[in-house]
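Thank you for making time for this; I would like to walk you through one structure, going from a charged pair to the sheet and then out to the surface. Please keep the structure open while I talk.

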Amino acid sequence: MKIRFTYALNTESKLEALLEELEIESERCVIDFINTTQEYFKHHRKSKHVIASELPCYYRKLRESSNKVVVFGASESLRTMKFLIDFEGIDVSYLCDNDRTKTGHNWFGWTVSEPDRVFLQNDRYDVLIVSSFHHEIRNQLSQYRSVENVYSVYD
């Protein structure tokens, strides 16, 4: 422990230079990334229409739905889907998960609810399953009369 402390004291003056060097290297990496991607997309362009046609149909259906939208599956895979859901302008009313240890906790800006607390209400729901347990969840959702449409990112 004493050796580490002595080393830290002896190299303290080099820290600022190291941080500046790392910042310059980071900026170089960003510039390289931008140049590489710009060069790639010069030769691989897609129109907005083509990009829109490649999106899964559930984005449009959920965005236009008059039902409340529920995302099912509070897992790490939700991180990417949260970005896409927000980007597509889908208004999510609830996030559900079967793991009761997650209930009440915040996942990427949404509070996790138990399925019964949501689907036994007097509303109509469209559900987007983002869990790898999509077959089991789809089967579970079939017991709720309030669920009208079920989509899965795995179908």
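Lys 68 counts as partly exposed at 32% relative accessibility, where partly exposed is the range between buried, under 20% relative accessible area, and exposed, over 50%, computed with a 1.4 Å probe and the protein chains only. Before I go on, I should say that this is a predicted model, in which local features need pLDDT of at least 70 and side-chain atom pairs count only at pLDDT 80 or more, while totals for chains, interfaces and linings use all residues. Residues are numbered from 1 along each chain as its sequence is written, and side-chain values use heavy atoms, with hydrogens and water left out.

Lys 68 forms a salt bridge with Asp 123, and the closest N and O atoms are 3.3 Å apart; the term here requires a side-chain nitrogen of Lys or Arg within 4 Å of a carboxyl oxygen of Asp or Glu. This pair links distant parts of the chain, since Lys 68 sits in strand E1 and Asp 123 in the loop between helix H6 (115-119) and E5, 55 residues apart. Asp 123 is also partly exposed, with a relative accessible area of 26%. Helices and strands, as I name them, are DSSP runs numbered from the N terminus, with H or I and at least four residues for a helix, and E and at least two residues for a strand.

How many salt bridges does the structure hold? There are nine salt bridges, and I will pick out two others. The side chains of Glu 88 and Arg 63 meet in one, at 2.9 Å from N to O, and that pair again links distant parts of the chain, with Glu 88 in the loop between H5 and E2 and Arg 63 in helix H4, 25 residues apart. Glu 88 counts as buried at 14% relative accessibility, whereas Arg 63 is partly exposed, at 38%. Glu 25 forms a salt bridge with Arg 28, their closest N and O atoms being 2.9 Å apart, and because these two residues are three apart in helix H2, about one helical turn separates them. Both members of this pair are partly exposed, Glu 25 with a relative accessible area of 36% and Arg 28 with 45%.

Let me turn to the sheet. Six strands form an open sheet of mixed pairing, in the order E3-E4-E2-E1-E5-E6, where two strands pair if DSSP finds at least two bridges between them. Strand E3 (106-107) and strand E6 (147-152) stand at the edges, each with a single partner strand, so one side of each is left without a neighbour in the sheet. Helix H4 (residues 57-64) packs on the sheet and touches E1, E5 and E6, contact meaning heavy atoms within 4.5 Å. The direction of H4 makes about 150° with that of E6, with axes fitted as lines to C-alpha atoms, for helices over the stretch in contact, and angles running from 0 to 180 degrees between N-to-C directions. Helix H5 (residues 78-87) lies across E1, E2, E3, E4 and E5, and runs at about 120° to E4.

Which residues of E5 point one way, and which the other? Tyr 125, Val 127 and Ile 129 point one way, Asp 126 and Leu 128 the other way, and all are buried. Strand E1 (residues 68-72) and strand E5 (residues 125-129) pair in the parallel sense over five bridges; within that pairing, Asp 126 is the bridge partner of Val 69, and Val 71 stands opposite Leu 128. Five bridges also join E5 to E6, which run parallel, and here the bridge partner of Asp 126 in E6 is Asn 149.

One backbone detail belongs to the loop between E3 and E4, where Phe 108 is found. Phe 108 has a positive phi of about 55° although it is not a glycine, and at 25% relative accessibility it counts as partly exposed.
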